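Me: I am new to this structure. Can we go through it in short steps, with an answer to each question?

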Amino acid sequence: MTSDPLLALRPWEAPEVTSWGRQPMNAVDRRPGALPLDGDWRFQLLSAPDAPVGGAWSSACVPGVWTMQDADGLDDLPQYLNIRMPYPEFPPGSPAANPTGVYEREVDVPAEWAGRRIVLQVGAAESVLLVHVDGRPVGISKDSHLAAEFDLSGVVRAGGRATVRLTVVKWSDASHIEDQDQWWHGGITRSVLLYATDPLHLADVTVRAAYSGELRVDCRVRDAGGALPEGWYLTGELDGRPLDQDAEFDRANVEDERVSDFLGEARLLTTEPEVRTWNAETPELYDLTVRLHRADGTVTDTSRHRIGFRDVEIVGRDLLVNGERVFIRGVNRHDFHPLTGRTVSYDDMRADLVLLKRFGFNAIRTAHYPNDPTLYDLADELGFYVVDEADIESHDHAHEIADDPRYLNAFVDRVSRMVLRDKNHPSVIIWSLGNESDYGANHDAAAGWVRRHDPTRPIQYEGAAKLDWAATDDASDIACPMYAPLEDCVAHALSGRQTRPLIQCEYSHAMGNSNGTLADHWAAIEATPGLQGGFIWEFWDHGILQRVSDGRTAGRGGAGLYDNGVAAPGYRWAYGGDFGETIHDGAFIADGVVFPDRTPKPAMYEHREIAAPVRIECFRHEGIVLANHQHFRTLDWLSGAWELVLADGRTLTGPAELPDLRPGETAAVPLPFEVPRDGGEAWLTLRVTTAEDQPWAPRGTEVCVPQIRLRGPAEAPVVPADRSVEIDDEGLLVHPLLTLAPTLSLWRAPTDNDELGGMALRWRTWGLDALVRKVVSVREDAGRVTVEAEYAGTAGVVRHRQVLTAVEGGVRVEEEAELPEAFHDVARVGTVFETVPGLDLLEWFGQGPWESYPDRRAGAPVGHHSLPVDALFTPYLRPQESGGRHGVRRFTLSAPDATGLCVALDEPRQVSVTRYRAEDLASAAHHDELVPRPGCVVHVDAAHRGLGTASCGPDTAPSYLVAPGVHRWSWTLRVL
Ligand code: IPT
């Protein structure tokens, strides 16, 4: 039996114990002026919390998780699990083998802190924190994503030296409510600091700044000595202008006998004339300073805030910000870093948000816990609507825990402490009670607390609202389903039953090559009153940088060992199972719109265009109609340039004058060009950039590229040549630039959506990945060679005909494939061939420049694009179909000396040019296992299946499926 009272309590298996000796949460920012205790601490990893400390000390970096520190002897590595707990113990139990980190260091307490209140703040520790100072028990805290403060005034001596020990227990009763879909780690993930205040201090500051300009600042004041001294008072400043204490509030308090000698309450009150209001488009902030004085005027405490004036309300079924029904273009964001696990710096977070702004996002759900405090400062400053989510996910034991009274305290504790911490951020517009935890009395208790404490913001909780989107009596003010079929959302909005806003808390699962039908979602959202948007799942691919040789994490030493989404040779992005975990959920952790190094995936460009602030609505009467799709801003922060894209290869450019449009307005603009009479197909592109520096983008940053077709294609005459094509004994085209002749392809390397949606299995069962070709007949007739062939799978046979004709400069290939009913949903119908090495540049007329697919092509304008072949491929963590370009009309593949080949297509087609055959991709588990082929693997598809989001959520829409029956396509191959 231990003599240590903290250990004797066994707090890791006591859900009722959420803290001991911990200070109440508050919104006073103590980071400025504090003594940082970050850096190397002495460290021991115990096998269990009650194992004796006494082995050799190593060292560990604070903040940091020990699971990511590349040090010998630290054999507790990251483990990825989605829903399942990593051990069988039922809540509140934890396994006997329970890694426990003991962090220790000496702290020299400044002599000038004599007589002051001295507080230790631990930014975050997972999952149970025990604090000792000089061997004396100081406190306990749970909640891996909120800070804990402990008053050390009676424990340490100013001018003295103290030994601080932080014991962090990895598994606990709390782990059962921190069962989020992410890596399991252990350690201290946010900064540790020590600060001092006067005994008379601000215990909390609550700011209410309304759209009307009214500002109320409510302060709670305490004195560490006990009773408050006579005559204390508050002053404040708003952008340098003085604020006074609200005498009416004081008088009412006295009258109601609400004031005590122990707890002081006072209010600053003002109305800001001509207030600059806050919203995500124009995030206007004011500097607020609150000062606490003694009767003699001396300042004993100061709290600084950046505040924004804005209102949030629900009216009917609309969520309004400043009276506007804003669209929520959101993403779910974790605190994640490929080198540190969960510790994120100011620069990291700023880079996240800057990138999101550049790609049209305006909202963040802090999935699934309160994010690092700095994130909210940045969201205020850069302009994001934040759904702040409490650290509660009991996924594996959701039903048991939601009503378990032993966890009641934890639910209320976690939700209330989040609200107390973040309530002054204008960016936070909604509180979330957590994620995937069923629905029970514990949620209602937490919701009740929030509704009383902060009536200025709505609450959401998916688990409550999912039972009936139209209910009005549960813990959620918003219906916030996850992965709901679009048609269900639209039907609900049209049903006449809708009672509250419908904003999906998760949708469009971004695993691998995904986010198909995003544009369809947004077309419906924008056209359907009652639908307001949602949060894409998710921002990050959580790949951890791992050394391939020994399987260790690269840790902080891995800085710079990746580029453009790809890990350096000898390294890879690890996902579930890569650290030898016996149970894990594989690549499901790689489901973000950015790679682990924050390189945007092509889906980001899709989102950028869908969110475009300015759009071309239509082309008529030799003019176009432009529209401002923002809620609050004019177009004056944008500038534009026109491009006229002509099929003959020309792109004409010119400056564009954007009209002066208020939000929601449209204007007719005459065509800036006379469209040349010849030249066939013609497109007008508007390249929109920032006209001046924005906090998130320098001047000239591309914001969107709206485009409209001015004229359709013209027939291109094909002139037959007076020779015949060469074919081999198998009826296959012989061509000097092709190493593999054109054959039929119905398969693609399964995407994550194909795999998890069950399509990939079906395709393998049908034998589509290994079709056997058999020539049926070869006929030659006046220079035309007709090859009839059969491609047999296990479930059916495809009849295929190729008609090869020599034409001027090359060969024309007309193809027809007849798919039996058995192949009712295939990946593609098209041609595949391979080229000689050396043709390393692709130039194409079609959609681009980035990857696009039939159901993800809104962000890729038609143009004359060109990229090295190696840059066409998108390195999804688990190799899969990648690198496709939609709507390709023609392309050339050339060597530096401009020799090569050119392919002209009968109509816009899906094309891909990579170094990999589908089977190369399908047989690799990580990108670093791929061996590029020297030539190019070229696919030209008559039809290509949409991507959908079936790895978690709806598959693509029926219109993007490849149907059985007859498919026809043709193309002409020429030598350059
Ligand atoms: C949903 C989770 O909320 C999220 O954390 C993540 O796991 C996502 O799915 C999939 O990546 S829960 C799922 C069972 C719908």
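**Helices, strands, ligand and two single residues**

Reply: Start at helix α4. At the start of α4, a side-chain oxygen of Asp372 comes to within 3.0 Å of the backbone nitrogen of Thr374. Bear in mind that this is a predicted model.

Me: Which residue just after α4 takes a positive phi, and of about how many degrees?
Reply: Helix α4 covers residues 373-382. Just after α4 comes Gly383, with a positive phi of about 95 degrees.

Me: Is α4 mostly covered or mostly open, and how many of its residues are buried?
Reply: Helix α4 is mostly covered. Its buried residues include Leu375, Tyr376 and Leu378. Thr374 and Asp380 are also among them. Of the 10 residues in α4, the buried number is 7.

Me: What covers the buried residues of α4?
Reply: Both helices and strands take part. The cover includes the strands β21 (299-307), β27 (385-389) and β28 (428-432). It also includes the helices α3 (346-358) and α6 (408-422).

Me: Now helix α2. Which backbone nitrogen does a side-chain oxygen of Asp246 reach at the start of α2?
Reply: Helix α2 spans residues 247-255. After α2 comes Glu257, with a positive phi near 55 degrees. At the start of α2, the side-chain oxygen of Asp246 reaches to within 3.3 Å of the backbone nitrogen of Glu248.

Me: On to the strands. How many residues of β14 are buried?
Reply: Strand β14 runs over residues 187-197. It is mostly covered. Of its 11 residues, the buried number is 10.

Me: How many bridges join β8 to β14?
Reply: Strand β8 holds residues 117-126. Leu120 stands opposite Leu194 in β14. The two strands pair in the antiparallel sense, and the number of bridges is 9.

Me: Which residue of β14 stands opposite Pro36?
Reply: Strand β2 (residues 35-36) is joined to β14 by 2 bridges. These two strands run antiparallel. Opposite Pro36 in β14 stands Leu193.

Me: What is the bridge partner of Gly64 in β14?
Reply: Strand β5 (residues 64-65) also runs antiparallel to β14. The two are joined by 2 bridges. In β14, Gly64 has as its bridge partner Ile188.

Me: Which strands are the edges of the open sheet of 7 strands?
Reply: The order is β1-β10-β9-β12-β7-β3-β4, with antiparallel pairing. An edge strand here pairs on one side only. That describes β1 (19-20) and β4 (58-62).

Me: What is the bridge partner of Leu129 in β10?
Reply: Strand β9 (residues 128-133) pairs with β10 (residues 136-142). The pairing is antiparallel, over 6 bridges. In β10, the partner of Leu129 is Ser141.

Me: Next, the ligand. Which residues around the ligand come nearest?
Reply: The ligand has 14 residues around it. By class, this shell has 5 nonpolar, 5 polar and 4 charged residues. Those that come nearest are Asp181, His368, Asn435, Glu506 and His509.

Me: How much of the ligand does the protein bury?
Reply: A polar side-chain atom of Asp181 lies 2.4 Å from an oxygen atom of the ligand. For Glu506, a polar side-chain atom lies 2.7 Å from a ligand oxygen. An N or O atom in the side chain of Asn82 is 3.4 Å from an oxygen atom of the ligand. Taken alone the ligand exposes 390 Å², and the share buried by the protein is 87%.

Me: Is Arg709 buried, exposed or partly exposed?
Reply: Arg709 is found in strand β43 (residues 707-711). Not counting residues up to four places away in sequence, Arg709 touches Phe619, Ala682 and Trp683. Its relative accessible area is 44%, so Arg709 is partly exposed.

Me: And Ala714: buried or exposed?
Reply: Ala714 lies in the loop between β43 and β44 (738-745). Not counting residues up to four places away in sequence, Ala714 touches Gly680 and Glu681. The cut-off for exposed is over 50%. Ala714 has 56% relative accessibility, so it counts as exposed.

Me: How far apart are the C-alpha atoms of Ala714 and Ala647?
Reply: Along the chain, Ala714 and Ala647 are 67 residues apart. In space, their C-alpha atoms are separated by 9.1 Å.

Methods: Residues are numbered from 1 along each chain as its sequence is written. This is a predicted model: local features need pLDDT of at least 70, side-chain atom pairs count only at pLDDT 80 or more; totals for chains, interfaces and linings use all residues. Side-chain values use heavy atoms; hydrogens and water are left out. Buried means under 20% relative accessible area, exposed over 50%, partly exposed in between (1.4 Å probe, protein chains only). Helices (H or I, at least four residues) and strands (E, at least two) are DSSP runs, numbered from the N terminus. Two strands pair if DSSP finds at least two bridges between them. A polar contact is a pair of N or O atoms within 3.5 Å; within protein, one must be able to donate a hydrogen and the other to accept it, and residues adjacent in sequence count only if both atoms are side-chain atoms. A residue is near a molecule or strand if one of its heavy atoms lies within 4 Å of it. Accessible areas come from the Shrake-Rupley method with a 1.4 Å probe; for residues, only the protein chains shown count as cover. Ala, Val, Leu, Ile, Met, Phe, Trp, Tyr, Cys and Pro count as nonpolar, Asp, Glu, Lys and Arg as charged, and the others, Gly among them, as polar. Contact means heavy atoms within 4.5 Å.
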